[in-house]
Amino acid sequence: MKKSYIVLIVLAVVVVGIFAWFKGTYNGMVRMQEGVSAQWSNVENQYQRRLDLIPNLVSTVKGYAEHEKTTLDAVVNARAKATQMQINLDNLDEAAMRKINAVQGELSSALSRLMAISENYPNLKANENFRDLQAQLEGTENRIAVERRKFNDTARSYNTYIRQFPKNLLAGMFGFTPKPYFEAQAGAENAPKVEF
């Protein structure tokens, strides 16, 4: 009789221990996945901030440099592409991340060309509104870089967690999949060519 109680108690402890491990591991994965989602929202917020600055910047430049139409059009078109891109974190994979990077890179490139225009127009460069917008845009670009780095850190922690054995078995059963990282643009490792 005593042996059967001891066996039942040991069995109950083992079952409770296994349940606690499953519960803790599953809830940890959910918590980390939500952290990745929250950090992705921070990246999107900074992208949106940049998109919101662009119309004011374009209209300010347009007043001084109307004949720079191709550059202005490039910025407007790149902004339109970035605005139209719908991103679903649940379906975010390497291909989607490359597409996001390409669209955002195109927008950054167009904005760089727009900022370079100011060098040709001293009155534009001296315009207080333009200087304020330029400072806000530079600050936003820095915030984007910070939030992208934080996203990569959060995604790395999550990916590491769900890939560790035996957590990877539980992750596979419940559909927790790795998240892709932001990567540098192609050619970013090369210094820009400066010509005078």
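Colleague: Which pattern does the protein chain follow when it is read along the sequence?

Modeller: In this predicted model, the protein chain has six helices and zero strands. Read along the sequence, the pattern is therefore made of helices alone, namely α-α-α-α-α-α.

Colleague: What is the radius of gyration of the protein chain, and why is the chain described as more spread out than a compact globule?

Modeller: For 196 residues the globule rule gives 16 Å, and the chain lies well over that value, so it is more spread out than a compact globule. Along the principal axes, the C-alpha atoms fill a box of roughly 95 × 30 × 25 Å. The radius of gyration itself is 25 Å.

Colleague: How much of the protein chain counts as buried?

Modeller: The protein chain exposes about 12400 Å², of which carbon and sulfur atoms supply 56%. Taking buried to mean under 20% relative accessible area, the share of the 196 residues that count as buried is 33%.

Colleague: Which element of the protein chain has the highest mean pLDDT?

Modeller: Over the protein chain the mean pLDDT is 85, with 92% of the residues reaching 70 or more. Among the elements, the lowest mean, 77, belongs to helix H4 (residues 122-126), whereas the highest, 92, belongs to helix H6 (residues 167-174). The element asked for is helix H6.

Colleague: Over which residues does pLDDT stay under 50?

Modeller: The stretch in question is one for which the model has zero contacts beyond four places in sequence, where a contact means heavy atoms within 4.5 Å. It comprises residues 188-196.

Methods:
Residues are numbered from 1 along each chain as its sequence is written. This is a predicted model: local features need pLDDT of at least 70, side-chain atom pairs count only at pLDDT 80 or more; totals for chains, interfaces and linings use all residues. Side-chain values use heavy atoms; hydrogens and water are left out. Helices (H or I, at least four residues) and strands (E, at least two) are DSSP runs, numbered from the N terminus. The radius of gyration is taken over C-alpha atoms; the globule rule is 2.2 Å times the number of residues to the power 0.38. Buried means under 20% relative accessible area, exposed over 50%, partly exposed in between (1.4 Å probe, protein chains only). Accessible areas come from the Shrake-Rupley method with a 1.4 Å probe; for residues, only the protein chains shown count as cover. pLDDT is the predictor's confidence in each residue, from 0 to 100.
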